[in-house]
Amino acid sequence: MASISLKKLNKTYGALKVVHDIDLEIADKEFIVLVGPSGCGKSTTLRMIAGLEEISGGELIIGSDLMNDVPSKDRDIAMVFQNYALYPHMTVYRNMAFGLELRKAPRDVIERQVEEAAKILDISHLLNRKPKALSGGQRQRVALGRAMVRNPAVFLLDEPLSNLDAKLRGTMRAEITKLHKRLDATFIYVTHDQVEAMTMADRIVVMKDGHIQQVDTPQNLYDRPVNMFVAGFIGAPQ
Ligand code: ADP
Ligand code: MG
């Protein structure tokens, strides 16, 4: 079970508080989208959930376990970044296999997992290439594949499509939605693209200056924003 509870979650850098007492209950297999202006604390929140950033205060609970001090590698979570963060010297296959190799998974399991993920993402023909020989969309598929092979209960995606052109963003948006349905994992997806938020989310979390403004379904946010900020953000032209 990968329900996720954030209870008064905080992040401070020295005297600077960048995430303030965030309370959020995410259901198992939900697709949550975090939106808000640049610098409002979206990435920091994801990184705390991933264990890439120390939690300054409050609690992170996944399932029924307190995760605050669990090392990143022991969390059943995979993260996908905006800049793909692929290993440039490795083939696509090894990029995808690497995480399983580190965990000492048997070779036949690794092969099966990589091949299965590659098939789903339509990158089977690219497995022997290096990242530099791929298009932006293909690289992002590899980054997704690398996250998938471990079969994590939670996917964290930080603006995964923002380096792609508008047409490809549309395609990948649909692909990620499909992937979510197929994988049965909990997704937390950060974007500043309101079309992505409105079309992909079960619920949207609107953040501003490290505070949550509103958590609601796309329809409710659109119909009943709690304040001008939310209304402005959701209604803003692209
Ligand atoms: P977002 O992803 O919403 O654009 P971030 O979570 O990256 O925002 O950043 C939130 C705030 O925390 C910003 O003001 C940013 O400058 C600050 N911040 C992020 N990382 C650090 C750091 N390592 N040290 C100091 N401040 C940081
Ligand atoms: Mg960010």
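## Tyr189 and the nonpolar core

Leaving aside neighbours within four places in sequence, Y189 is in contact with F31, I32, V33, L157 and M200. The structure described here is a predicted model. Y189 belongs to the largest nonpolar core, which has 68 residues. Within this core, the residues with the most contacts are I32, V33, F155, L156, I188 and Y189. Two of these, I32 and V33, are also among the contacts of Y189 itself. In general, nonpolar side chains tend to be buried together in soluble globular proteins.

## Asp158 in strand β7

D158 lies in strand β7, which covers residues 154-158. Is D158 buried or exposed? D158 counts as buried because 21 C-beta neighbours lie inside 10 Å, and the cut-off for burial is 20 or more. D158 and Y189 are 31 residues apart in sequence, and their C-alpha atoms are 6.1 Å apart in space.

Not counting residues up to four places away in sequence, D158 touches S43, L46, M79, F81, Q82 and V190. Two of these partners, S43 and L46, are among the buried residues of helix α1.

## The surroundings of ligand 1

Ligand 1 is surrounded by Y13, V18, G36, S38, G39, C40, G41, K42, S43 and T44. By class, this shell has 3 nonpolar, 6 polar and 1 charged residues. Which helix gives the most to the shell around ligand 1? Helix α1, residues 42-50, does so with 3 residues.

The buried residues of α1 are K42, S43, T45, L46, M48 and I49. Of these, K42 and S43 also appear in the list of residues around ligand 1. Just after α1, G51 takes a positive phi of about 85 degrees.

## Helix α5 and its two sides

Helix α5 runs over residues 166-183 and has 18 residues. From its first C-alpha to its last it reaches 25 Å, close to the 26 Å expected at 1.5 Å a residue. In α5, the residues R169, M172, I176 and H180 are buried. Why do they lie on the same side of α5? They cover an arc of only 85 degrees around the axis, and therefore share one side of α5. As a general matter, an α-helix has 3.6 residues a turn, so residues three or four places apart point the same way.

On the other side of α5, K167, T171, A174, K178, K181 and R182 are exposed. The cover over the buried residues of α5 includes β3 (31-35), α4 (136-148), β8 (186-190) and α6 (194-200). Just after α5, D184 takes a positive phi of about 60 degrees.

## Helix α2 and Asn95

The buried residues of α2 are V92, Y93, N95, M96, A97 and L100. They pack against α3 and α4. N95, which is placed in helix α2, is buried because 26 other C-beta atoms lie within 10 Å.

Leaving aside neighbours within four places in sequence, N95 is in contact with L86, Y87, M90, P131, V142 and R146. The C-alpha atoms of N95 and G145 are separated by 9.0 Å, although their positions lie 50 residues apart along the chain when counted as an offset.

## Loop residues

Most residues other than glycine have a negative phi. K104 has a positive phi of about 60 degrees although it is not a glycine. K104 follows α2 and lies in the loop between α2 (92-102) and α3. K104 is exposed because 7 other C-beta atoms lie within 10 Å, and the limit for exposure is 12 or fewer.

N151 likewise has a positive phi, of about 55 degrees, and is not a glycine. N151 is found in the loop between α4 and β7. N151 is partly exposed, with 15 other C-beta atoms within 10 Å.

R129 is placed in the loop between α3 (107-120) and α4. With 16 other C-beta atoms within 10 Å, R129 is partly exposed. R129 touches T91, V92 and L134, not counting residues up to four places away in sequence. R129 and R94 are 35 residues apart along the chain, and their C-alpha atoms are separated by 9.9 Å.

Conventions. Residues are numbered from 1 along each chain as its sequence is written. Chains are lettered from A and ligands numbered from 1 in the order in which they are written. This is a predicted model: local features need pLDDT of at least 70, side-chain atom pairs count only at pLDDT 80 or more; totals for chains, interfaces and linings use all residues. A residue is near a molecule or strand if its C-beta atom, placed from the backbone, lies within 6 Å of it. Helices (H or I, at least four residues) and strands (E, at least two) are DSSP runs, numbered from the N terminus. Ala, Val, Leu, Ile, Met, Phe, Trp, Tyr, Cys and Pro count as nonpolar, Asp, Glu, Lys and Arg as charged, and the others, Gly among them, as polar. The expected span of a helix is 1.5 Å times one less than its number of residues. The arc is that of the directions from the helix axis to the C-beta atoms. Two residues are in contact if their C-beta atoms, placed from the backbone, lie within 7 Å. A nonpolar core is a set of buried Ala, Val, Leu, Ile, Met, Phe, Trp, Tyr and Cys residues joined through C-beta atoms within 7 Å.
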